[in-house]
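Subject: Structure handover

Hi,

Here is the structure I promised to pass on to you. Please have a look at it first, and then read on for my notes on what turned up in it.

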Amino acid sequence: MNESVAGLPSIRARYAAVVKDDLELIAKERERIRTDIAALQDQLRLLDDGQAWLEGLQNNMQPPPGGGTGAGGGVQDEGAAEAVSGDGEAEEGPVPSTAVSPKTASGAPTLRDLIVDELCSRGRPCSAQDVATALGRAHPGRRIKEPTMRKALEALVGQRRVQRVKRGSRVFYQAAGANAAAKG
């Protein structure tokens, strides 16, 4: 009996060492996986940026539909162009949906028209940052910032010209009717 009692501390020490080694192994594996995930997220961001840049380049190569009025997308309602505002400049506070910007009167497309055209051309959900980047590259003379883009996108959601799609904690936008066109 004395022999088993004397061996008890050594058994505990061996189990403690095994548990410690297992915990270290798990911690190392978790860190490796976190590093892999971070690298993959960086690669995904680079691919998204590259795609947005190429799509902007592609859009610059194509003549604007309908003479640049933004009416040639084919997905918009005919009356939707009447309730458009925003000209790509940073705005403070909400803009009434019936306001007409000076650029609309001059015949140039509004920010909201450009957004809808961009989303129609992509045909898939995009983040506000993707749309802002693509429009910034396609229209370098316009100051398009992400907060302004988010406000315009949310206004378009309110007008039912754009749909909001949530994937986890991220929010994406697509042209209204894109789901019906893809399913049908």
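Arg 150 is partly exposed, with a relative accessible area of 41%. Its side chain meets that of Glu 146 in a salt bridge, at 2.4 Å from N to O. Glu 146 is partly exposed too, at a relative accessible area of 27%. The two residues are 4 apart in helix H5, so about one helical turn separates them. Please keep in mind throughout that this is a predicted model.

A second salt bridge in this part of the chain links Glu 154 and Arg 164, again with 2.4 Å from N to O. Glu 154 belongs to helix H5 and Arg 164 to strand S1, so this pair ties together parts that are 10 residues apart in sequence. Glu 154 counts as partly exposed because its relative accessibility is 31%, and Arg 164 counts as partly exposed at 39%.

There is also a set of salt bridges that share partners: they join Glu 55, Glu 118, Arg 122 and Arg 124 into one network. Within this network, the side chains of Arg 122 and Glu 55 meet at 3.0 Å, N to O. Arg 122 sits in helix H3 (residues 111-122) and Glu 55 in helix H1, so the pair ties together parts that lie 67 residues apart in sequence. Are these two residues buried or exposed? Both Arg 122 and Glu 55 are buried. The structure holds 9 salt bridges, and as general background, side chains of opposite charge can pair when their charged atoms come close.

Now for the overall layout. The chain has 6 helices and 2 strands, and from the N terminus on its elements run α-α-α-α-α-β-β-α. Of its 184 residues, 28% count as buried.

The two strands deserve a paragraph of their own. Strand S1 covers residues 162-167 and strand S2 residues 170-175; they run antiparallel and are joined by 6 bridges. Val 162 has Ala 175 in S2 as its bridge partner, while Arg 164, which you met above in the salt bridge with Glu 154, stands opposite Tyr 173 in S2. Together S1 and S2 form a hairpin with 2 residues between them, and Gly 168 in the turn has a positive phi of about 65°. On the same topic of charged side chains, Arg 167 lies over the face of Phe 172, at 5.2 Å from the ring centre. As for contacts between aromatic rings, the count comes to 0 aromatic pairs.

One backbone angle may catch your eye. Most residues other than glycine have a negative phi. Arg 160, however, has a positive phi of about 65° although it is not a glycine. Where in the chain is Arg 160 found? Arg 160 is in the loop between helix H5 (146-158) and S1. With a relative accessible area of 72%, Arg 160 is exposed.

On the surface, Trp 53, Leu 54, Leu 57 and Met 61 form a nonpolar patch, and together they have about 430 Å² of accessible area. Met 61 lies in helix H1, which spans residues 2-61. Why does Met 61 count as exposed? Its relative accessibility is 63%, and the term exposed applies over 50%.

Lastly, here is a pair of residues that you could look up in the viewer. The C-alpha atoms of Ser 121 and Gln 174 are separated by 10.0 Å, with the two residues 53 apart along the chain. Ser 121 is placed in helix H3 and is partly exposed, at a relative accessible area of 47%.

That is what I have for now. Happy to talk any of it through with you.

Best wishes

Key: Residues numbered from 1 in each chain as written. Predicted model: local features only at pLDDT ≥ 70, side-chain atom pairs only at ≥ 80, totals over all residues. Heavy atoms only, no water. Pairing = 2+ DSSP bridges. Patch = residues over 30% accessible without salt bridge, like charges linked within 9 Å, V, L, I, M, F, W, Y side chains within 5 Å. Areas by Shrake-Rupley, 256 points an atom, 1.4 Å probe, with all protein chains shown as cover. Salt bridge = Lys/Arg side-chain N within 4 Å of Asp/Glu carboxyl O. Buried < 20%, exposed > 50% of the residue type's maximum accessible area, 1.4 Å probe, protein only. Phe/Tyr/Trp six-rings, centres within 6.5 Å; stacked < 30°, edge-to-face > 60°. Lys NZ or Arg CZ within 6 Å of the ring centre and 35° of its normal.
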